[in-house]
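Here is a short briefing on one protein model. Take a look at the sequence and the fold before reading on.

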Amino acid sequence: MQNLTFYKDGTGTFASDINLDTLPRFKSLPNGSTTPCTRIASPAGVTYLKQSTIKSGVYLGSKYHAVDIQGFPWEKKTALKKHIGAEKRPKKKGPSVETEGPANSFTFNALQISDNLSTGEPDLLTKPPELSTEPVKKAYKVKKSLVRNRLLAYTNTKKGSKCLYFFTVTFPAGMPETMGYRALNTWFTSLRKQRLLSEYLWVAERQKNGTIHFHIAVPHFMKVQHVNGIMRKILYGYTVRKELLFSPAQFARGKYNGVDIAGHKDIAGHKIPTNFAHKKKSGSLANYLTKYVTKNNETFEHLAWHNSRGFSALFYSIALSAQSFQITGLWKKLNWAKKFESDNDLFVFVPWFGNAPPEFWDALFPVNNFFQSLN
């Protein structure tokens, strides 16, 4: 993918804008409008947005990092917001405050990243005050598209040896959810102290008996016997101190095997861990995520999912110019037969044929690699 530039000219129009009339197989906008649109490519496909729907095209990027409208990377997204705010609303009194500038003069020819990586606030369930005087409780749900995109982006924009393994942590039936979250957090802390874990993403789920368990994605291999032993010791300690009302004998050596790794058995019956970064077809990462991770529709009083900073700092969307879109031939890799057009004509979404093409991931690699090197 070459020369994917994005900038704003003096008239305020985007260089990536074109008329909808030039796009293939699109119905006309109401009243014969020729409102331009912007193409946002993501792991799922390409979304065509009318310019009027883009409320913020000034600061772009992940939860932590950003690329400004000229393509300059900023180490901190908050610094770019502050800089933009100062430009829009100059202070009437007092001296102007200098703000942090771009990380360096390095520009990305492949980027205008959409601002859609924030983990955001959880969905809030409220009760009418006249019906209940109890404190309002937050209800957390798994944001499926965000989880899926972060895992796919982390794997597909990583050069060199690619790894992604899935671990499951289960507890005995009746384990209180609060203690389950506490045990998970202590387990992560122990793994980091022993330098067994750096990046991770986990999703909470309930077993059929109602007991919580966790799916955990790790971009490197860990010996399941060792990490299981660490969790066993944590739970054993809780029971000895009477913080967990189970018998300590349940967590004696060899009695607890709640930590497992996804895999398959060889001819001899031995379990072989599956590296989902390499697995194809039915065992692919996308299929695994659909089956085990993003099927979850439950709500939790605690976080339903979370990840380390390495996943949050990823960019996984890119705005394409009309020229680059045509030159690369990416439009040919879209499944036009399954395009979705909103009733109000604000956007059109066209999915890829199968997984996102390699050219898409190659375009995201430079910016992700740059910001990962800053951590």
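By class, how many nonpolar, polar and charged residues does the lining of the largest pocket have? It has 11 nonpolar, 8 polar and 7 charged residues. This is a predicted model. The points below cover the pocket, then helix α3, then three loop residues.

**Largest pocket**
- The largest pocket holds about 600 Å³ of space.
- Its lining is made up of 26 residues. Closest to the pocket centre are Leu 152, Asn 156, Asn 355, Ala 356 and Trp 361.
- Three elements each give two or more residues to this lining: α2 (144-156), α5 (285-293) and α8 (358-372).
- The most comes from α2, which supplies 6 residues.

**Helix α3**
- Helix α3 spans 177-193 and has 17 residues.
- From first C-alpha to last, α3 reaches 25 Å. That is close to the 24 Å expected at 1.5 Å a residue.
- Buried residues in α3 are Met 179, Gly 180, Tyr 181, Ala 183, Leu 184, Trp 187, Phe 188 and Leu 191.
- The cover over these buried residues includes the strands β8 (165-169), β9, β10 (212-218), β11 and β14 (299-300). Helix α4 is also part of that cover.

**Arg 195, just after α3**
- Arg 195 follows just after α3. It sits in the loop between α3 and β9 (201-206).
- Its phi is near 60 degrees, a positive value in a residue other than glycine.
- Is Arg 195 buried or exposed? Arg 195 counts as exposed because its relative accessible area is 78%, above the 50% cut-off.

**The loop between α4 and β11**
- This loop joins α4 (224-240) to β11 (259-261) and contains Ala 252. Lys 242 is found in the loop between α4 and β11 too.
- Lys 242 is not a glycine, yet has a positive phi of about 65 degrees.
- Lys 242 is exposed, because its relative accessibility is 67% and the cut-off is over 50%.
- Ala 252 is partly exposed, because its relative accessible area of 28% falls between the 20% and 50% limits.
- In sequence, Ala 252 and Arg 232 are 20 residues apart. In space, their C-alpha atoms are 7.7 Å apart.

Conventions. Residues numbered from 1 in each chain as written. Predicted model: local features only at pLDDT ≥ 70, side-chain atom pairs only at ≥ 80, totals over all residues. Heavy atoms only, no water. 1 Å grid on protein atoms, 1.4 Å probe; cavity = no way out; pocket = protein on both sides within 12 Å on 5 of 7 lines; lining within 4 Å. Points joined across faces, edges and corners; volume = space filled by probe spheres on them. Helix = DSSP H or I, 4+ residues; strand = E, 2+ residues; numbered from the N terminus. Nonpolar A, V, L, I, M, F, W, Y, C, P; charged D, E, K, R; others polar. Buried < 20%, exposed > 50% of the residue type's maximum accessible area, 1.4 Å probe, protein only. Expected span 1.5 Å × (residues − 1). Contact = heavy atoms within 4.5 Å.
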